Amino acid sequence: MVWKTYLVMYFRSGKEKASEVVKKVEMVGFKTTFGPVDFVYEWKYKPTKEQVLELGDRLSRALRGTGVVFNIDTHEGP
């Protein structure tokens, strides 16, 4: 099994275009998905709490000023 961080984002209208936000998220290392989550980050190993928090920090920095609110969920996945 592979550890994954799932990302769901909520956009505020009138802020940055969704297509620009997607580029920023992909630069952090997330891949676009279809379904109940918007993006997934696949770890090559079981991440520590600190590593997951650092990923969240990088995502937060990338999304600064976009008006996007996000939720991440990390667990072992298929």
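Let me begin with one pair: the side chains of E54 and R61 meet in a salt bridge, at 3.2 Å from N to O. By salt bridge I mean a side-chain nitrogen of Lys or Arg within 4 Å of a carboxyl oxygen of Asp or Glu. Side chains of opposite charge can pair when their charged atoms come close.

Before I continue, please note that this is a predicted model, in which local features need pLDDT of at least 70 and side-chain atom pairs count only at pLDDT 80 or more, while totals for chains, interfaces and linings use all residues. Residues are numbered from 1 along each chain as its sequence is written, and side-chain values use heavy atoms, with hydrogens and water left out.

To return to the pair, E54 is partly exposed at 35% relative accessible area, and R61 is partly exposed as well, at 43%. The terms are as follows: buried is under 20% relative accessible area, exposed is over 50%, and partly exposed lies in between, with a 1.4 Å probe and protein chains only.

How many salt bridges does the structure hold? There are four, and I shall describe two others.

The side chains of K4 and E42 form one of them, with 3.9 Å from N to O. K4 belongs to strand β1, residues 2-10, and E42 to strand β3, residues 39-42, so this salt bridge ties together parts that are 38 residues apart in sequence. Helices (H or I, at least four residues) and strands (E, at least two) are DSSP runs, numbered from the N terminus. Is K4 buried or exposed? K4 is buried, with a relative accessible area of 13%, whereas its partner E42 is partly exposed at 48%.

The next salt bridge joins K23 to E20, whose closest N and O atoms are 3.4 Å apart. Both residues lie in helix α1, residues 18-28, where they are three residues apart, or about one helical turn. K23 counts as partly exposed at 47% relative accessibility, and E20 is partly exposed at 29%.

Finally, I turn to Q51, which lies in helix α2, residues 49-63. At 28% relative accessibility, Q51 counts as partly exposed. Which residues does Q51 touch, leaving aside those up to four places away in sequence? They are W43, Y45 and K46, where contact means heavy atoms within 4.5 Å. Between Q51 and V2 there are 15 Å in space, C-alpha to C-alpha, and the two are 49 residues apart in sequence.
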